[in-house]
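User: Please take a close look at one histidine for me, and then walk me outward from there into the parts around it. Keep it chatty, but stick to what can be read from the model.

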Amino acid sequence: MREAIEQARAALALDEVPVGCVIAHVPSGRIIGRGHNLRETSNDPTAHAEIIALRQASAEMESWRLTDCVLAVTLEPCPMCAGAMVNARLDRLIYGCADPKAGAARTLFTLCDDPRLNHRLQISHGVLDVECAALLGEFFKSRRALGKK
């Protein structure tokens, strides 16, 4: 999660919502994907930290199936990202703070371990949640002070 927090700080440096993500290949112990939000920078609504990390990890593994991999992200995934994780066949999701507005792992939806889907991920939540939430809180507080959306 510390590596994901570093990715969130990279997003913050670009004035992006500070969400960061890493994907590790468990058998090798290597990080095979890294990402941070780039929606504003790239004008791409799909440029979430998780999607960027998933694309990088898939290229590294030369497969869309990311079995034996764990994804750590600072904020609970949205429906798009949660669905991509299920489709990628990740083994496990670890996330920092909950997202009461778009959380699709536990808060609003349970896409990552819904028994109706063909794949389910193990989920750990609340990992370094105070630190993850503080980054987001500071970002949005400064945006409001500047009158930005």
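**A histidine and its surroundings**

Analyst: Leaving aside residues up to four places away in sequence, H36 touches Q7, A10, A11, L14, V19, G20, A47, A49 and I52. Bear in mind that this is a predicted model. One of those neighbours gets a closer grip on the histidine: the side chains of H36 and Q7 make a polar contact at 2.9 Å. Is H36 buried or exposed? Its relative accessible area is 16%, and because the cut-off for buried is under 20%, H36 counts as buried. As for where it sits, look in strand 2, which covers residues 30-36.

From there, step out to the sheet. Five strands make it up, in the order 2-1-3-4-5, and it is an open sheet with mixed pairing. Strand 2, the home of H36, is an edge strand, as is strand 5, and each of these pairs on one side only. Going from one strand to the next, the twist averages 15°.

Now for the pairings further in. Strand 1 (residues 20-25) runs antiparallel to strand 3 (residues 69-75), and the two share 5 bridges. To find that pairing on your screen, look for H25, which stands opposite C69 of strand 3, and for C21, whose bridge partner in strand 3 is V73. Strand 3 also pairs with strand 4, this time in the parallel sense, again over 5 bridges. A good marker there is A72, bridged to I94 in strand 4. How many residues of strand 3 are buried? The count is 7 of the 7, so strand 3 is largely enclosed by the rest of the structure.

Part of the sheet's packing comes from a helix. Helix 5 packs on the sheet and touches strand 3 and strand 4, with its direction at about 60° to that of strand 4.

Helix 5 (residues 129-145) has another partner, helix 1 (residues 2-13): the two pack at an angle of about 5°, their axes 11 Å apart. Angles under 35 degrees count as roughly parallel, which means helix 1 is roughly parallel to helix 5. Helix 1 brings R2, I5, A8, R9 and L12 to this contact, while helix 5 brings E131, C132, L135 and F139. Sort those contact residues by type and you get 6 nonpolar, 3 charged and no polar ones.

Two loop residues are also worth a glance for their backbone. L128, in the loop between strand 5 (122-125) and helix 5, has a positive phi near 50° despite not being a glycine. L128 is partly exposed, at 30% relative accessible area. The other is R89, also not a glycine, with a positive phi of about 65°. You'll find R89 in the loop that runs between helix 4 (79-88) and strand 4 (92-97).

Technical notes:
Residues numbered from 1 in each chain as written. Predicted model: local features only at pLDDT ≥ 70, side-chain atom pairs only at ≥ 80, totals over all residues. Heavy atoms only, no water. Helix = DSSP H or I, 4+ residues; strand = E, 2+ residues; numbered from the N terminus. Buried < 20%, exposed > 50% of the residue type's maximum accessible area, 1.4 Å probe, protein only. Polar contact = N/O pair within 3.5 Å; in protein donor to acceptor, adjacent residues only side chain to side chain. Contact = heavy atoms within 4.5 Å. Axes fitted to C-alpha atoms, helices over the stretch in contact; angles between N-to-C directions. Parallel < 35°, antiparallel > 145°, perpendicular 65-115°, else oblique. Nonpolar A, V, L, I, M, F, W, Y, C, P; charged D, E, K, R; others polar. Pairing = 2+ DSSP bridges.
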